[in-house]
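Me: Could you take a close look at one part of this structure, the small sheet, and describe how its strands are arranged and what lies against them? A connected account would suit me better than a list.

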Amino acid sequence: MSYANKRPGGRILPVPRLTPKVDPQEQFAKLETAIKEIYNHNASKMLFEELYRIGYGLVLSKNGALAYDGVKGVLERHLGRCVRGDILAPAAAVQAAPTPANNEALLVSVRLLWSEHVMAMLIIKDILMYVDRVYVANAHVPPVYDMGMCVFRDQVLLAPARRLSADLAKAVLGQIAAERSGIEVDRGSLRGVVDMLVELQDTTQSGTVYDVMLEAQVLAEARAHYASTAGARLADHGAAEYARAAQADIDAETGRADAYLTPATGAALRSVLLDELIAKHASEILAAGLVRLLDQHDAGALRVLYGLFSPLPAALDALHAGIHMHILAQGQQVAGALAPLSVATCPDDEAGDGAGSGAPARRGQQALGAAAKTAVALRWVQDVLALYDVYDGLLHSAFGDSQEMRKTIHDAFIRIINDNGRAAELLSLFINDSLQSGLKRKGEQEIDHLLERAVLMFRFLQNKDAFEHYYKAHLAKRLLFGRTLSDDAEQSLVSKLKVECGSQFTLKLEGMFKDMQLSADLTRDFSAAGAADEPRLDMGVSVLTPTFWPALAPPVSDETAQEMRAVRPPTDQLRRAIERFSDAYLARHSGRRLEWQYNLGSADIKVQFGARAHELSVSTYQLFILALFADAAEDATLTAAAIQAQTRIPWELLMRQLQSLACAKYKILTKTPASRDVSPADTFAFNSGFSAPQYRIRIPVVAARSSVESEQEKAASLVTIDKERQYLVEAAVVRIMKARRQMPHEQLVNEAVGQLSPRFLPTPKMVKDAVGRLIDREYLQRSPDDPRLYIYLA
Amino acid sequence: MRLVMLEAADGAVLCVEQDIIEQSGTIRNILTDVGATDKPIPVPNVSGHTLGRIIEYCRHHRSDPSRRRPRAPLQPDETNASEAVTRQAISQMDDFDHDFCRVDQGTLFDLILAANYLDIPPLLDLVGYTVASKMKGKSIQELRDTFGVKNDFTPEEEQQALNDNAWCEK
């Protein structure tokens with residue numbers, strides 16, 4: 001076929017051929033020479049484009065196979081010669097004696113051969129680009145560069161009979177082992193050889209030569225090495241040192257992988273080490289020193305330990321379990337100090353703040369006064385909170401704020417708190433104490449932190465309704481007797497509780513605050529209006545809505561309680577003031593009834609004792625008694641019976657009031673006879689000779705400071721709480737049955753428990769009893785077919 | 001901008017800016033390996049006239065950066081992809097390209113060989129398309145006349161070839 005220019009007229013002329021006809025063998029010989037020159041670093045001697053044209057010409061003249069296969073042969077012969085000359089000897093040396101020096105020699109010579117080959121192949125690839133583009137695609141052979149790589153692999157690594165690759169692997173592993181034992185090796189050679197192995201594809205097509213030949217052995221040796229290390233180390237080291245050493249090893253190995261292995265190997269080495277050093281010995285490590293680290297709050301060591309354990313699920317579980325157990329142990333230690341609380345309280349002095357130790361103790365234990373018991377209780381709360389702070393700190397500094405660890409810690413604390421049957425009461429006492437005096441010298445942040453912690457403990461409490469019971473009682477006393485240090489702190493705490501439990505919980509508490517607020521307003525209006533009438537009397541009234549306030553009466557008999565209602569102010573002045581307030585209030589709010597609780601009030605009176613005047617802080621009852629002497633003659637006397645007749649204070653209470661005025665530290669009245677007991681015939685007179693250093697004197701109020709309940713008090717509280725709970729359980733059962741119409745027993749119990757658990761944990765028996773009561777009252781009935789099934793009666 | 005010198009078959013030396021002539025894969029290749037040199041690159045199987053035309057072509061398309069990169073090599077199963085690429089190249093031909101191909105057959109065939117040697121795929125597509133459209137719809141004898149091809153089949157060989165390709169006629 002020839003092609004030609006078309007001349008006008010259609011005649012065809014031959015055209016000079018630009019691609020000369022040449023002998024393919026001759027052309028190829030030139031190519032072969034060129035390749036040899038390239039390997040001799042004489043690339044610049046030839047003309048690149050001339051060689052390119054040779055390749056082009058060979059392909060065009062259908063001699064592509066000659067070019068391709070011929071080049072392949074040249075490479076094979078060349079590399080074979082190089083191996084025999086430069087590689088076999090060092091390989092034999094390694095085979096015989098794998099010392100670091102021999103290893104290094106082999107690695108260096110292989111690496112040199114490789115880098116020269118790569119450089120040459122790049123040039124050859126460019127020269128034969130036309131061959132690549134046209135011949136290779138049609139003949140379905142690998143591109144020239146890839147072919148060169150395969151030739152290298154086959155000539156150097158796989159020959160003769162794969163021995164060289166074994167020697168090479170031996171050399172590499174030998175260097176790694178040497179480095180592990182501290183000998184310095186040339187990382188560059190290793191890097192070069194590994195890069196080579198990574199670039200070459202294995203004949204099985206399953207990955208690179210590195211993957212198939214070397215990686216598995218590297219990992220196996222690492223595993224063996226660290227398995228033996230772990231055993232030896234555990235014998236000598238405690239948990240902290242072991243963890244640090246393990247971390248150091250892991251860092252060293254991953255560093256090594258980064259330096260001259262592959263990232264995949266690095267990750268694999270890390271998990272091998274974690275497995276051998278940590279996972280297989282997790283419980284031993286923990287036993288060797290976890291407790292000590294926790295006690296010493298060694299955050300650094302714990303952090304290292306946690307970092308090593310967290311990738312391993314089984315080990316991490318063991319760590320969680322160990323910490324949980326230790327917290328419980330510490331909690332039990334703290335609770336050990338609570339033993340005195342179960343012993344009966346011995347009576348305090350009338351002064352109310354002596355630590356009584358006189359009463360003979362039961363079982364050899366020292367019986368404590370109420371105040372001392374309260375101190376013990378507060379100590380417990382503080383210790384638990386302090387312990388929590390320690391672990392919260394550790395959570396942040398050592399355990400990376402892990403949610404699971406937080407849960408472990410919280411679970412332990414929930415156990416600690418709820419194992420203490422008095423926890424609700426003690427927590428309320430603690431808060432009470434803080435709000436009365438404990439916060440005195442604390443800054444705002446400290447206060448907030450303390451309240452947060454208190455609320456946290458509240459969250460852990462199972463019997464939240466018990467807490468509400470105690471908290472209401474303590475709050476009432478604080479509000480009525482003006483003992484709160486900071487109204488802001490009070491409000492802040494109530495709002496925190498609201499966030500925890502919803503507004504229903506704090507409804508009554510807020511009601512109490514509101515009553516106090518309204519009372520303050522009322523008092524202000526009242527005194528503004530009536531200031532002119534009674535200049536010597538300044539009266540403040542707190543009006544309490546009964547639903548909000550807990551029962552505040554002291555534990556007295558029913559008839560005493562009845563008598564208390566009959567108490568009247570004995571003097572006209574007082575009577576008028578009381579009546580005026582009642583009238584004004586009832587005029588404003590018709591339809592309401594006021595019942596005066598004189599036993600809860602307090603008063604400040606200025607009393608003249610001869611030349612000197614003192615201000616006395618007394619209870620309302622004491623005020624009534626003293627008022628009888630106010631307008632009487634100086635040496636007037638009154639019998640106790642007469643005092644009772646005028647004031648109508650019940651005898652039990654009157655006795656104590658008279659004692660506090662006449663027989664205690666500050667004798668405002670003189671008593672005849674001067675004995676401690678009061679009988680109706682005893683006479684009292686005003687003690688004008690009284691003196692004391694201070695101007696303002698407090699005559700202690702009968703209602704004692706809030707303290708730990710005695711066993712009887714506790715029993716009484718429990719009865720109240722139980723009654724409330726019964727009611728709640730019944731309400732829950734009715735609610736559930738009304739919605740579902742019928743339900744088997746077990747399911748009902750589960751649902752009821754679920755609904756009630758935010759407030760307290762009911763026992764299945766409580767639910768059963770409630771169901772029994774509801775059946776009696778015909779809210780439910782048992783199904784006639786299945787006695788375990790209940791049906792709701794509309 | 002570096003100037004590259006090319007020496008054609010008849011000794012003519014043509015100068016061209018590097019970024020223009022880098023549309024040729026072969027020249028790219030040579031420049032990478034040989035580097036900066038004062039000597040002109042010999043291109044002895046392309047005539048001066050043809051080389052000049054090719055440089056014109058490259059100059060026109062100098063602002064398309066994709067021509068300066070090699071096309072991805074084909075995998076055996078990607079024949080459809082190559083068709084798509086060619087079809088796209090054809091649809092992008094503008095007036096210059098069409099005028100470029102209005103030359104006599106000899107020049108056309110020279111252009112094909114040169115585009116192949118110099119590895120300029122868009123040009124190869126263009127010229128190949130031109131020739132292909134000249135072949136379209138013609139009978140065997142018409143093809144022989146157009147391209148000046150001598151019939152050197154024996155009658156038996158001719159019959160054999162017709163039979164082998166009979167399926168095309170349908």
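Reply: In this predicted model, strand S11 of chain A, which covers residues 789-792, pairs with S9(A) in the antiparallel sense, and three bridges join the two. Within that pairing, Met743(A) has Tyr790(A) of S11(A) as its bridge partner. In general, the strands of a sheet are paired through backbone hydrogen bonds, in either a parallel or an antiparallel manner.

The pair belongs to an open sheet of three strands in chain A, whose order is S9-S11-S10 and whose pairing is antiparallel. Strand S9 (742-744) and strand S10 (780-782) of chain A are the edge strands, and each has a single partner strand, so one side of each is left without a neighbour in the sheet. From one strand to the next, the twist averages 25°.

As for what lies against the strands, helix H28 of chain A, made of residues 745-756, lies across S9 and S11 of chain A, and its direction makes an angle of about 100° with S9(A).

To put the sheet in the setting of the wider model, a word on the nonpolar interior may help. The largest nonpolar core holds 109 residues, and those touching the most other members are Val71(A), Ile124(A), Leu168(A), Met196(A), Leu197(A), Leu6(B) and Leu123(B). Helix H3 of chain A (residues 64-96) gives this core its largest share, 11 residues. Because domain 1 (24-200) and domain 2 (228-309) of chain A both contribute residues, this core lies between them.

Methods
Residues numbered from 1 in each chain as written. Chains lettered and ligands numbered in written order. Predicted model: local features only at pLDDT ≥ 70, side-chain atom pairs only at ≥ 80, totals over all residues. Heavy atoms only, no water. Core = buried A, V, L, I, M, F, W, Y, C linked by side-chain atoms within 4.5 Å. Buried < 20%, exposed > 50% of the residue type's maximum accessible area, 1.4 Å probe, protein only. Helix = DSSP H or I, 4+ residues; strand = E, 2+ residues; numbered from the N terminus. Domains from an automatic or database assignment. Pairing = 2+ DSSP bridges. Axes fitted to C-alpha atoms, helices over the stretch in contact; angles between N-to-C directions. Contact = heavy atoms within 4.5 Å.
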